[in-house]
Amino acid sequence: MVVMASPEARIEPHVAVIPAPELGPDVYTNAYPLTLHEGSRPVFGGLLVSQALSAACATVPDAFQPYSSQSSFLAPANGNKKITYRVQRTWEGRNFLTRVVHATQGIDCVYVAVLSFQSAASSTGINTLEYGTPKPELDQLPEDIDPDAMQAMQSSFLDRSASVMQQSAEDRPLDWRPHSIEMSNDPTQLRIRGYVRSPTPLSTSNCSVHLAAFAYASDEFFFGPALAANPAAVGKGARNVTVGASLTHNVSFHDRNAKIDQWVVLERQTTWGSAGRVMVQQKFWNMEGKMILSGSQEALIRLRGAKI
């Protein structure tokens, strides 16, 4: 009997890397093109976050899984060129490992990440503190939300010329179902809630692949709450925004067994804005209520006429 391999989900090529031994030990490159459309140059930050994690995971034993990614975007990456991920084995402990990954194009370092790993044997939950922020109770299941609702929500905040608005549902590797936006005159009280998953099962149950996919998801639409929380300042369709770019991105993984092809609940908010920068926060839970991911991002947002 011939056992057929499961087809890859759309998210899998986005997070995949391959060894580049000709460039040295512990060196990897993106396995597939960085952009879907010919001539498209900007690289989505989630590709860098997830592929750096995949490269780091390739250098650690299977008994270790990532629990933290702390990173900085240094320069724009060109989508028409390969990215090289050089992994530095910074710390090798019995229960904890650390990797530093530099993502480069030519002589330019465009992204750097510190990835931390813990052994499964030391994270079993025996004689440890166990708690987490409760999952918000949403009154609508993801299956009851229009699959095109994310596109409609984005169009209410962004001009149709924005690059994210050029993506079709088929272009997006993840299925986002927005549930609600809780508005307030105070930007820090805004909450965006919804669901996300891979629309098709992944071809593997490998924890590292699923967590890399969550890393990708953690950057998608992430500084949107800062725009949504300040509608008067950013203007209709964000027409007053002249620059929007991620500066730092931090993710903590709370469940090594989390699966990206199962629905998860997310909540996002913005906590601060000043000096041309904003902070956004996020949390993900599985449908049973366990928090599986949390993170933050600092982004550069410049408004028309800003003197900074």
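Here is a chat about a predicted model of one protein chain.

Visitor: How confident is the predictor, on average, in the protein chain?
Guide: It's a predicted model, so pLDDT is the number to look at. Of the residues, 90% score at least 70. The average pLDDT over the protein chain is 91.

Visitor: And which residues have a pLDDT below 50?
Guide: There's one stretch to treat with care here, and it still has 14 contacts in the model beyond near neighbours in sequence. The pLDDT is below 50 over residues 160-166.

Visitor: How many helices and strands does the secondary structure come to?
Guide: Helix H5 covers residues 224-228, and strand E4 covers residues 84-92. In full, the protein chain comes to six helices and 12 strands.

Visitor: What share of the contacts join residues at least 24 apart?
Guide: The count takes contacts between residues at least 6 apart in sequence. Among those, the share joining residues at least 24 apart is 70%.

Visitor: What percentage of the residues is buried?
Guide: The cut-off for buried is under 20% relative accessible area. The protein chain has 308 residues, and the buried ones make up 48%.

Visitor: How much of the accessible surface belongs to carbon and sulfur atoms?
Guide: The accessible surface of the protein chain is about 15,500 Å². Carbon and sulfur atoms account for 53%.

Visitor: Which residues form a nonpolar patch on the surface?
Guide: One member sits in strand E4: Trp91. Trp91 counts as exposed because its relative accessibility is 51%, and the cut-off for exposed is over 50%. Together the patch has about 320 Å² of accessible area, and its residues are Tyr67, Trp91 and Phe96.

Visitor: On to charges. How many salt bridges are there?
Guide: Side chains of opposite charge can pair when their charged atoms come close. The cut-off is a Lys or Arg side-chain nitrogen within 4 Å of an Asp or Glu carboxyl oxygen. By this rule the count is eight.

Visitor: Asp175 forms a salt bridge with Arg177, but are those two buried or exposed?
Guide: The closest N and O atoms of the pair are 2.9 Å apart. Asp175 has 12% relative accessibility and Arg177 has 10%. Under 20% counts as buried, so Asp175 is buried, and Arg177 is likewise buried.

Visitor: Which strands does the salt bridge of Glu182 and Arg193 tie together?
Guide: The side chains meet at 3.0 Å, N to O. Glu182 is in residues 175-182 and Arg193 in residues 191-197, so the pair ties together parts that are 11 residues apart in sequence. Glu182 is partly exposed at 40% relative accessible area, while Arg193 is buried at 15%. The strands are E7 and E8.

Visitor: Which residue is linked with Glu182 and Arg193 in a network of salt bridges?
Guide: Glu182 and Arg193 already meet in a salt bridge. The network they belong to also includes Glu267.

Visitor: How many residues apart are Asp255 and Lys290, which form a salt bridge?
Guide: Their closest N and O atoms are 3.8 Å apart. Asp255 is in the loop between strands E9 and E10, and Lys290 is in the loop between strands E11 and E12. Asp255 counts as buried at 11% relative accessibility, whereas Lys290 is partly exposed at 43%. Along the chain, the pair is 35 residues apart.

Visitor: Lys259 has no salt bridge, so how far away is the nearest side chain of opposite charge?
Guide: Lys259 lies in the loop between E9 and E10, and it is buried. Leaving aside neighbours within four places in sequence, Lys259 is in contact with Ser205, His210 and Phe214. The nearest side chain of opposite charge is Asp261, and a salt bridge needs N and O within 4 Å. For Lys259 and Asp261 the distance is 7.0 Å.

Visitor: What is the phi of Ala275?
Guide: Ala275 sits in the loop between E10 and E11 and is partly exposed, with 48% relative accessibility. Although Ala275 is not a glycine, its phi is positive, at about 55°.

Visitor: Last one: how far apart in space are Leu227 and Ile301?
Guide: Leu227 is in helix H5 and counts as buried, at 10% relative accessibility. Leu227 and Ile301 are 74 residues apart in sequence. In space, C-alpha to C-alpha, they are 8.9 Å apart.

How values were computed
Residues numbered from 1 in each chain as written. Predicted model: local features only at pLDDT ≥ 70, side-chain atom pairs only at ≥ 80, totals over all residues. Heavy atoms only, no water. pLDDT = per-residue confidence, 0-100. Contact = heavy atoms within 4.5 Å. Helix = DSSP H or I, 4+ residues; strand = E, 2+ residues; numbered from the N terminus. Buried < 20%, exposed > 50% of the residue type's maximum accessible area, 1.4 Å probe, protein only. Areas by Shrake-Rupley, 256 points an atom, 1.4 Å probe, with all protein chains shown as cover. Patch = residues over 30% accessible without salt bridge, like charges linked within 9 Å, V, L, I, M, F, W, Y side chains within 5 Å. Lys, Arg positive; Asp, Glu negative; His and termini not counted.
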